[in-house]
Amino acid sequence: MAKPKTVYYCSNCGNQSSKWLGKCPACGEWNTFVEEVIVKADKRKSGIAAKKTLSKPTPVHKIVTDEEIRIDTRNGELNRVLGGGLVTGSVVLVGGEPGIGKSTLLLQVSMNLKGLRTLYISGEESYRQIKMRADRLKLENPEVYILNETFTGNIFAQIEAVEPNLIIIDSIQTLYTENIDSSPGSISQIRETAGELQRYAKTSNIPVILIGHITKEGNLAGPKVLEHMVDTVLQFEGDRHYGFRILRSVKNRFGSTSELGIFEMQSGGLREVSNPSEILLSQRDEEASGVAIAAMVEGQRPMLIETQALVGTAAFGTPQRSATGYDTRRLNMLLAVLEKRSGFKLSSKDVFMNIAGGIRVDDPAIDLALVAAIISSAEDIYISSNICFAGEVGLSGEIRAVSRIESRISEAEKLGFEKIILSKYSIKGIDKRNFKIDIIPVSKIADLPELLV
Ligand code: TYD
Ligand code: MG
């Protein structure tokens, strides 16, 4: 018998090598190469993998572009992250840590898709377990078919039999194809089975949603190759201790990647949170210092988020700086700017900061609220809960303009805030008479403390 052919793959980026390497030359990670048995060259000829379509070069002006057809998933938050619904023939990867709620989300979505037939293929849970979950969600839909199968050959046969409008794979790591000898979950199997499904989606125009596990480093489904193959990558994340879950688009060929979907895990499934400010503003009865509200925009959606800071005297030589939901290096930068430009002595202080709700923020407009929260904690001044902030802080202590300022102002007004503090450069072109909320411009960080009291 011929010796099986083996190759080595980097489990981080999917780079291939004929021998084991300590450091991956492609992604620079150490100790990531794993050995895998591959190819049964003769078998490759069979099955969907070998199907060839004849494509011809076409002049670009002759390419017909009809609007992509989108399926309304009946889930506002999911539609938003997908860019307005699920595009037919697309492949979507939903990644997340175990237990975060991926299976729940997709079962719930398929049960709500009345009038469309879904084939939910589970390699992880038994029929009974899935039925129990469906009962828990209190949803019924005779058009949802469950299949307990991990071999792609059988899966394609069942797809032909059921003729679904949507295919869900839970999870891609459990599938295997006979074209490859290595075990399910290995990089070459993931790559090959995802490839078969992707080709199937493109030829049949049926959308496929793949569920993928996250590695301990937090990478989606291990190899980056999978991210390249699919059209859309969504990440489902959240802190297990909070009920909130965030669906974030990491890659999207059919929409923006800055959109967020917000859910709350309840005993009967995931609730869509269409007004995020309701959860991101924590309930406060007492007048506490160190809290400031930021008027943010994530994607197209404005939301108000509570930022908190705690400034204390460092007990040991080196002060601690820690940030949850925000970049620690950026926090250090803000502290340096505060020290240099407005004379706050923070170098010997511990500074902790936190963003309410366990959410992670990229919008630079949060800077101004954070600086306000830090000043509030350091000076022990209470910032009234009807003030909010929107502005980016520059290295020279200037407050810079941020995008979509009008939607931030309107959202703050809608939520009953009475004052919004923002960059002087933001208010050019805004007609203050359109707003009832008091708009207060500030040009540099040194002017901020007097506005807080
Ligand atoms: P699950 O969808 O199995 O996670 P994943 O597929 O990402 O591994 O979700 C499991 C968690 O969700 C589990 O801890 C129970 C909880 N849950 C609820 O709180 N409410 C519900 O209605 C359901 C179905 C699950
Ligand atoms: Mg699951």
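**Close-up views of a helix pair and a cavity**

**View 1. Helices H8 and H9 are oblique to each other, because their axes cross at roughly 60 degrees, an angle that falls outside the ranges counted as roughly parallel, antiparallel or perpendicular.** In this predicted model, H8 spans residues 328-342 and H9 spans residues 367-379, and the two axes come within 11 Å. The crossing of H8 and H9 is right-handed.

**View 2. Residues of helix H8 meet residues of helix H9.** On the H8 side the contact is made by Arg-330, Leu-331, Leu-334, Leu-335 and Leu-338, while on the H9 side it is made by Asp-367, Leu-370, Val-371, Ile-374 and Ile-375. Sorted by character, the residues of this contact between H8 and H9 divide into 8 nonpolar and 2 charged, with no polar residue among them.

**View 3. The predicted model holds 1 cavity of 30 Å³ or more.** The volume of the largest cavity is about 40 Å³. Two elements each give two or more residues to the lining of the largest cavity, namely helix H1, which covers residues 76-82, and strand E6, which covers residues 91-96.

**View 4. The lining of the largest cavity is made up of Thr-73, Leu-78, Leu-82, Leu-86, Val-92, Val-94, Ile-209 and Leu-234.** By character, these lining residues divide into 7 nonpolar and 1 polar, and no charged residue takes part in the lining. The polar one is Thr-73, because threonine is not among the residue types counted as nonpolar or charged.

Key:
Residues numbered from 1 in each chain as written. Chains lettered and ligands numbered in written order. Predicted model: local features only at pLDDT ≥ 70, side-chain atom pairs only at ≥ 80, totals over all residues. Heavy atoms only, no water. 1 Å grid on protein atoms, 1.4 Å probe; cavity = no way out; pocket = protein on both sides within 12 Å on 5 of 7 lines; lining within 4 Å. Points joined across faces, edges and corners; volume = space filled by probe spheres on them. Helix = DSSP H or I, 4+ residues; strand = E, 2+ residues; numbered from the N terminus. Axes fitted to C-alpha atoms, helices over the stretch in contact; angles between N-to-C directions. Parallel < 35°, antiparallel > 145°, perpendicular 65-115°, else oblique. Left-handed = near helix turned anticlockwise from the far one by under 90°. Contact = heavy atoms within 4.5 Å.
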